[in-house]
Amino acid sequence: MGNLCSLFTPPKPVKKKRPITKRQSSSTGSGPNSNRWNRVRSSSSTRDNNKFEDAVIQEHALAAAAVLFRQQNGGGSLPFDRSASQRYPGSKKNQLPRSSSSRSRSSTDPLLQPHQFLNQGIKLDDLESNHFVLIHGGGFGAWCWYKTIALLEEDGFKVTAIDLAGCGINSFDINGIASLSQYVKPLTDILEKLPIGEKVILVGHDFGGACISYAMELFPSKISKAVFLAAAMLTNGESTLDMFSMQAGQNDLMRKAQIFIYTNGNENSPTAIDLDKSLLRDLLFNQSPSKDIALASVSMRSIPFAPVLEKLSLSDSKYGSVRRYYIETLEDNAIPMTLQENMINSSPPEKVYRLKGADHAPFFSKPQALHKLLLEIAKISPT
């Protein structure tokens, strides 16, 4: 525990030499010296804001990790604790954090203010569904959505982030998972218990795309929309392994990162897949803040192998009746754009969105832009 928590210990402050400031000219007005002083003052203010936002994200990562470790000790499958996604205690009222990445923010990732969605004159009660159900990808858990949960809940949405079997704080043995139905049972249990007439918006990331596809076939009447976020969007009779086979030999980074686990002996099929932690940044988080990479490095778990092999049975009358949307991640090294485009062309969704500057973990690298797209999808009226 001590070693794990040490990853989240804030770095010691580095003393910086006091900058030498030149005496400003006594001239006033709109002269060059006046403008230079305004630029210096603006730059200082920007640095202060960035430091504050870094502290916000650091606090979120610490809180998310603390909740994860505390709940892991008790085992079981517990709902994601929103205390890990609350605003920083010292933050200004109605102000949300943004990514602490040092990269400049592009126009595609604007800073949304809380309740901006509601202030646009749109009522949640008028939507077909105001309930998001977030399904993580292979190796991830509900913890990865902590920024998305906070942003959506600020807009009044109901949000459920699920730990699939053997993931996050779910205590099931990942090596004992023999089927996709067993893996996605935490999701199907929730959908099965939904009141009659209530619908949700499913969001699946990575391998979570295959999981929500399975659920769409079982419960099409309970799903308003399905959002595939850099996800496996398969066709009938196709497995996730088939999807990755499309780029065989083209993704050396993925091949190098995979570590197969043979719990039943080397003569049998693998039971799970691990990812080499030394390659996680390059493979999954090449655009993500370092605090979120630290959170992932101590939180990610193995990926069950049997569900990856399973071919889906998808029908037009059930799976095909649910409205689908795909969000592409343009800087993705795990599921490159060529593979994303292949899946989209094989089974075109209703609409395709693009996240510029997003790696394979857009909930870390572009949380504000992702939030904006989810709101846009939620607003789409029923056909």
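Modeller: A definition to start with: two strands pair if DSSP finds at least two bridges between them. And keep in mind that this is a predicted model.

Biologist: Fair enough. Over how many bridges do β1 and β2 pair?

Modeller: His131 of β1 stands opposite Lys158 in β2. The cut-off for pairing is at least two bridges. β1 and β2 clear that bar in the parallel sense, and the bridge count is five.

Biologist: What hand does the β-α-β unit of β1, α4 and β2 have?

Modeller: Helix α4 (residues 146-154) packs on the sheet, where it touches β1 (131-135) and β2. The direction of α4 makes about 165° with that of β2. Put β1, α4 and β2 together and the β-α-β unit is right-handed.

Biologist: And on the other side of β1, which residue of β3 is the bridge partner of Leu134?

Modeller: β1 pairs with β3 as well, in the parallel sense over four bridges. Within that pairing, the partner of Leu134 is Val203.

Biologist: Are the residues of β1 buried or exposed?

Modeller: Look at the two faces separately: His131, Val133 and Ile135 lie on one side, and Phe132 and Leu134 on the other. Both faces are covered. Five of the five residues fall in one class, so β1 is largely enclosed by the rest of the structure; they are buried.

Biologist: Zooming out, in what order do the six strands of the open sheet run?

Modeller: The pairing throughout this open sheet is parallel. β2 (158-162) and β9 (351-355) each have a single partner strand, so one side of each lacks a neighbour in the sheet and they stand at the edges. From one strand to the next, the twist averages 20°. The order is β2-β1-β3-β4-β8-β9.

Biologist: Which residue in β4 stands opposite Leu202?

Modeller: Strand β3 (residues 200-205) runs parallel to β4, joined by six bridges. One of the bridge pairs is Gly204 with Phe228. The chain gets from β3 to β4 through helix α7 (residues 208-218), in a right-handed β-α-β crossover. Opposite Leu202 in β4 stands Ala226.

Biologist: Which residue in β8 is opposite Lys225?

Modeller: Seven of the seven residues of β4 (residues 223-229) are buried, so this strand is largely enclosed by the rest of the structure. β4 pairs with β8 (residues 323-329) in the parallel sense, over five bridges. Opposite Lys225 is Arg323.

Biologist: Let's do the helices. At what angle do α6 and α7 pack?

Modeller: α6 packs on the sheet, touching β1, β2, β3 and β4. Against α7, Leu187, Thr188 and Leu191 of α6 meet Cys211, Tyr214, Ala215 and Leu218. The crossing is right-handed. With the axes of α6 (residues 185-192) and α7 10 Å apart, the angle is about 35°.

Biologist: Last one: which residues have the most contacts inside the largest nonpolar core?

Modeller: That core has 47 residues, and its largest share, seven residues, comes from helix α15 (residues 367-379). A second, separate core of 46 residues includes Ala210, Ala272, Val322 and Met343. Beyond its neighbours within four places in sequence, Ile327 is in contact with residues including Val227, Leu229, Leu370, Leu373 and Ile377. The two with the most contacts inside the largest core are Phe285 and Ile327.

Definitions and conventions
Residues numbered from 1 in each chain as written. Predicted model: local features only at pLDDT ≥ 70, side-chain atom pairs only at ≥ 80, totals over all residues. Heavy atoms only, no water. Buried < 20%, exposed > 50% of the residue type's maximum accessible area, 1.4 Å probe, protein only. Right-handed = clockwise from strand over helix to strand, strands pointing away. Core = buried A, V, L, I, M, F, W, Y, C linked by side-chain atoms within 4.5 Å. Contact = heavy atoms within 4.5 Å. Axes fitted to C-alpha atoms, helices over the stretch in contact; angles between N-to-C directions. Left-handed = near helix turned anticlockwise from the far one by under 90°.
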